[in-house]
Amino acid sequence: GCDVGHHAPSGVSLAVLLMGLACLFAIRLRRRLVLVVVLLALCGPAAMATTIRRLPLVRMGASADVVGQGTVSSSVVVEIGGRVYTDTVLVVADCWQGPCGKALTIRRLGGEAEGKGVAVEGGAELAVGDEVVVFLRARKDGRFAVVGMAQGAFRVVRGPAGRIAHLARDVSRLRFHEADGSLVDGVGERLSFEEVRAAVGDARK
């Protein structure tokens with residue numbers, strides 16, 4: 001503890017007083033640090049997640065103008081009207097739905113350019129070199145946007161023989177507002193290639 005004497009010489013009193021103030025400041029600082037730690041614990045991935053409606057595969061296919069499978073070849077950050085976007089080029093290997101062409105440019109809000117950065121929780125992750133299946137809607141600027149944020153992007157996972165093992169979708173940064181009013185945190189998901197492709201076919205019916 002920090003005890004301050006009342007009858008010490010003036011010089012000693014001043015020193016002890018300063019020590020007392022320092023001690024009080026340290027206690028308050030520790031309390032603030034504890035508060036910060038508690039707030040950081042509360043603001044984990046779930047607290048930072050974006051809340052969105054869950055889209056069943058068939059509905060997502062019906063909402064998409066284009067569904068394509070291919071490889072992400074490049075990604076560049078652009079600033080337009082004060083906003084930062086990431087433009088990603090997908091080289092199409094198989095067009096599941098709509099007019100894909102040989103390549104598609106997917107525009108997503110967020111990225112970092114010239115010291116300006118924007119992060120969008122729950123956005124689709126499209127890394128250069130990844131083979132993906134994407135559900136896209138056409139934008140007015142000629143680019144495409146991913147349907148349902150991370151819900152509309154699947155990474156193709158292949159086995160040792162090169163055959164498709166499954167499709168992986170990371171929706172852990174999304175929180176779903178269900179029909180019954182409940183909120184459910186998203187998780188990493190594995191779906192069969194056949195299931196997703198069949199859903200796109202059903203959406204056309």
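Accessible areas here come from the Shrake-Rupley method with a 1.4 Å probe. By that yardstick, the chain in this predicted model exposes about 12,600 Å², and carbon and sulfur atoms supply 58% of that area. Of the 205 residues of the chain, 33% count as buried.

Before walking inside, let's see how far the model can be trusted. The chain averages a pLDDT of 82, and 76% of the residues score at least 70. Residues 1–17 have a pLDDT below 50, and beyond near neighbours in sequence this stretch has seven contacts in the model. Residues 22–46 also have a pLDDT below 50, with six contacts in the model beyond near neighbours in sequence. Where pLDDT is low, the predicted coordinates should not be read in detail.

Now for the overall fold. The secondary structure comes to four helices and 13 strands. If you take the contacts between residues at least 6 apart in sequence, 57% of them join residues at least 24 apart.

Next, step into the interior. In soluble globular proteins, nonpolar side chains tend to be buried together. The largest nonpolar core in this chain has 17 residues, of which V133, F135, F154 and V196 touch the most other members. Helices α3 (57–63) and α4 (193–204) and strands β7 (131–138) and β9 (153–158) each supply at least two residues of this core. The element that gives the most is α4, with four residues. Apart from this core lies another, of 15 residues, including V66, V92, C100 and L126.

V133 is a good place to pause. Leaving aside its neighbours within four places in sequence, V133 is in contact with V67, G68, Q69, W96, G152, A153, F154, V156 and L167. Two glycines in that list, G68 and G152, deserve a visit of their own.

G68 lies in strand β2 (residues 66–80). Is G68 buried or exposed? With a relative accessible area of 0%, G68 falls under the 20% cut-off and therefore counts as buried. Its contacts, not counting neighbours within four places in sequence, are L90, D94, W96, C100, V132, V133 and V134. From G68 to G98 there are 30 residues in sequence, while their C-alpha atoms are 8.5 Å apart in space.

The second glycine, G152, is found in the loop between β8 and β9. G152 also has a relative accessible area of 0% and is buried. Setting aside residues up to four places away in sequence, G152 touches M60, V133, V134, F135, V146 and V147. The C-alpha atoms of G152 and V134 are separated by 5.6 Å, although their positions lie 18 residues apart along the chain numbering.

The loop between β8 and β9 also holds M149. M149 has a phi near 55°, a positive value in a residue other than glycine. M149 is partly exposed because its relative accessible area of 23% sits between the 20% and 50% cut-offs.

Finally, let's turn to the pockets. About 480 Å³ of space lies in the largest pocket. Which residues are the closest to its centre? Of the 19 residues that line the pocket, they are R108, L109, V120, G123 and A124. Strands β3 (83–97), β4 (103–109) and β8 (144–146) each supply at least two residues of the lining. The largest share, three residues, comes from β4.

Key:
Residues numbered from 1 in each chain as written. Predicted model: local features only at pLDDT ≥ 70, side-chain atom pairs only at ≥ 80, totals over all residues. Heavy atoms only, no water. pLDDT = per-residue confidence, 0-100. Contact = heavy atoms within 4.5 Å. Buried < 20%, exposed > 50% of the residue type's maximum accessible area, 1.4 Å probe, protein only. Core = buried A, V, L, I, M, F, W, Y, C linked by side-chain atoms within 4.5 Å. 1 Å grid on protein atoms, 1.4 Å probe; cavity = no way out; pocket = protein on both sides within 12 Å on 5 of 7 lines; lining within 4 Å. Points joined across faces, edges and corners; volume = space filled by probe spheres on them.
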